[in-house]
Amino acid sequence: MRALRTAASGMSAQQTNVEVISNNIANMNTIGFKRQRAEFQDLLYQNVERMGAQSSDTGTIVPTGIQIGSGVKAGAIYRITEQGTPTLTGNKLDMAIDGRGFYQVLMPSGETGYTRAGNFSKNDQGQLVTKDGYLVQPAITIPQNATDISISASGQVQIVQPGSTAPVLLGQLQLATFFNEAGLEAIGGNMYLESGASGAAVIGTPGVEGVGKIMQAYTEASNVDAVTEITSLIVAQRAYEMNSKVITTSDQMLAAASQLKG
Amino acid sequence: MDNAMYVGLSRQMTLRRQMDVVANNIANQDTVGFKVEQLILEEKPESPAKTLGGPAPVKFVLDTGLARDFSQGSLRTTGNSLDIAIEGEGFFQIDTADGPRYTRDGRFTLDAGSRLTTQRGDQLVGDGGAILVDTQKGPLSISKDGIISQAGQRIGAIRPVQFASMSNLEKMGDGLYRNTSNVQPTPATTAQMHQGMLEGSNVNAIKEITEMIEVSRAYERMARLVEQTTKLSENAIARLGKMS
């Protein structure tokens, strides 16, 4: 019976759905995390009776035909790039992005990665790095004797050195924006790579022409909404159960057929 | 006597197909743009073997077609600027390698040449062919009547189409439909585009589960009918063949 396999495809699609939801819930407190959603697509159809087929010699045709579908598959899992809530941390090297844009990070492979997780640190040479120790681009090197660091909304990094009250401009942070942020490829570690669907990175100054502003001493919380996720989880679980009911029902029908010969 | 068995059998065959259709509806309850389907059954009168050409009191069941309910699915917000839902009648026109296809699934993305495509990579057809975006110019905005603009400039328009008879559409999977008739679609004037939204399926899960229960019970009933008919003939053979 086709219904058995159709329902099995429904169960496995709903399982993918639950996996995506559980990943969202697991990353509820991940800085800069963007929630994902699974979307589904129907599978191939079998034509039992083709529409437009001739039904008599006088040329009448079958108007509707019979097409029986064979189930569902997970079509795409995509990212919802809404802004997360900025959270005050008080750490001078935490920089949340308010609006569009990504920090550029030089990956060990030589590629440029993009991240919204602005919880940066200094390495042993005073360079601004991510939590994995990858260099933030354009590189900012903070001198050992700097007593204070301030980052403006437009990305200017200024330090105060001993013996001087006037701040010194150290560099300018820049952000990359993408035409289609949902098309970026996630590689884990809060990091994304450019892809064909995202479009090429456009480098801009924070706060200018639609690029987001930088908020020092804040981090961007994930945009996972616990209530929405739990509701989706309930919906997915019910859909899973319904598909399993289809399997038991098909099985009962098969049993009824096989008991015909007593 | 045999007629009863064959009538029962014809019902069982249609019930199995009905079950397949219900299973597909339930499996696709979360599929974007999916339209619910139902098997159309008809009675097919036949005359019993001995009275060919005479009155036709024996009525078989025959599945003659599949009805698709094209009513609107619920819209939900996704926040993705390349998701477009159609409200009202109409289909997006997609250019595939096998010819034009039509869909209600508005999850678009960009291909390497910065054209708007489906998730499979087939181009969305606008008023002047493919819709080409400039990825350097910032986000797209799509108006309710389908005009796509970027940085305040019109770069194209989505023109949904509609069919006089939707029963000529054949499902191809992946949310795509094929036009099986020679009648060309016409522009859908009442359709409204909603950017950042998707149309859910119009499957009513409770109705489908109820139908499934009906199908399963009817199948069991038919199995019992066949069983009892067999018993009748068994009894008849046993009694008539008795030597007294």
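**Close-up 1. Strand β3 of chain A is covered on both of its faces.** In this predicted model, A:Ile66 and A:Ile68 sit on one side of β3(A), with A:Gln67 and A:Gly69 on the other, and all four are buried. Alongside runs strand β2 of chain A (residues 45-49), which pairs with β3(A) in the antiparallel sense through four bridges. If you would like one rung of this ladder to start from, take A:Tyr45, whose bridge partner in β3(A) is A:Gly69.

**Close-up 2. A:Asp42 touches residues of chain A and of chain B.** This aspartate belongs to strand β1 of chain A. Is A:Asp42 buried or exposed? A:Asp42 has 28 other C-beta atoms within 10 Å, so it counts as buried. Leaving aside residues up to four places away in sequence, its contacts in chain A are A:Gly69 and A:Val72. From chain B come B:Asn28, B:Thr31, B:Phe34, B:Gly173, B:Asp174 and B:Gly175. Look also for A:Gly71: it is 29 residues from A:Asp42 in sequence, yet the two C-alpha atoms are 6.0 Å apart.

**Close-up 3. Chains A and B meet through 55 residues of chain A and 54 of chain B.** On the chain A side, the elements that give two or more residues are α1 (2-26), β1 (36-42), β3 (66-69), β4 (72-79) and α2. Which of these elements gives the largest share? That is α2(A), with 11 residues. Sorted by class, the side of chain A that touches chain B holds 27 nonpolar, 22 polar and six charged residues.

**Close-up 4. Helix α2 of chain A packs against helix α2 of chain B.** Two packed helices are described by the angle between their axes and the distance between the axes. Here α2(A) spans residues 226-258 and α2(B) spans residues 205-240; the angle is about 10° and the axes are 9 Å apart. The two helices are therefore roughly parallel. From α2(A), the contact uses A:Met242, A:Lys245, A:Val246, A:Thr249, A:Gln252, A:Met253, A:Ala256 and A:Ala257. Facing them from α2(B) are B:Ala205, B:Ile209, B:Met212, B:Ser216, B:Tyr219, B:Glu220 and B:Ala223. By class, this contact has 10 nonpolar, three polar and two charged residues.

**Close-up 5. The largest nonpolar core has 85 residues.** The members that touch the most others are A:Ala7, A:Val246, B:Met19, B:Val22, B:Ala23, B:Ile26 and B:Leu124. Helix α1 of chain B (residues 2-27) contributes the most to this core, with seven residues. B:Ile26 is a good place to pause: beyond residues up to four places away in sequence, it touches A:Ala7, A:Gly10, A:Met242, A:Asn243 and A:Val246 in chain A, and B:Ala205 and B:Glu208 in chain B.

**Close-up 6. Three strands of chain B form an open sheet.** The order is β11-β12-β13, and the pairing is antiparallel. At the edges are β11 (140-142) and β13 (153-157), each pairing on one side only. From one strand to the next, the twist averages 30°. Between β11(B) and β12(B) (residues 147-150) there are three bridges; to find one of the bridge pairs, look for B:Ile142 and its partner in β12(B), B:Ile148.

**Close-up 7. A cis peptide bond links A:Gln137 to A:Pro138.** The omega angle of this bond is near -10°. A:Pro138 lies in the loop between β11 (135-137) and β12 (148-151) of chain A.

**Close-up 8. A:Asn190 and A:Ala217 have positive phi values, and neither is a glycine.** For A:Asn190, phi is near 60°. This asparagine lies in the loop between β16 (185-188) and β17 (191-193) of chain A, and it counts as buried because 24 C-beta neighbours fall inside 10 Å. For A:Ala217, phi is near 70°. The alanine lies in the loop between β19 (213-216) and β20 (218-220) of chain A, and is partly exposed, with 17 other C-beta atoms within 10 Å.

**Close-up 9. A:Gln125 is an exposed loop residue of chain A.** The loop in question lies between β9 (121-122) and β10 (128-129). A:Gln125 has 9 other C-beta atoms within 10 Å, so it counts as exposed. Its C-alpha atom is 8.4 Å from that of A:Pro143, a residue 18 places apart along the chain.

How values were computed. Residues are numbered from 1 along each chain as its sequence is written. Chains are lettered from A and ligands numbered from 1 in the order in which they are written. This is a predicted model: local features need pLDDT of at least 70, side-chain atom pairs count only at pLDDT 80 or more; totals for chains, interfaces and linings use all residues. Axes are lines fitted to C-alpha atoms, for helices over the stretch in contact, and angles run from 0 to 180 degrees between N-to-C directions. Angles under 35 degrees count as roughly parallel, over 145 as roughly antiparallel, 65 to 115 as roughly perpendicular and the rest as oblique. Two residues are in contact if their C-beta atoms, placed from the backbone, lie within 7 Å. Ala, Val, Leu, Ile, Met, Phe, Trp, Tyr, Cys and Pro count as nonpolar, Asp, Glu, Lys and Arg as charged, and the others, Gly among them, as polar. A nonpolar core is a set of buried Ala, Val, Leu, Ile, Met, Phe, Trp, Tyr and Cys residues joined through C-beta atoms within 7 Å. A residue is buried if 20 or more other C-beta atoms lie within 10 Å of its own, exposed if 12 or fewer, and partly exposed in between; C-beta atoms are placed from the backbone. Two strands pair if DSSP finds at least two bridges between them.
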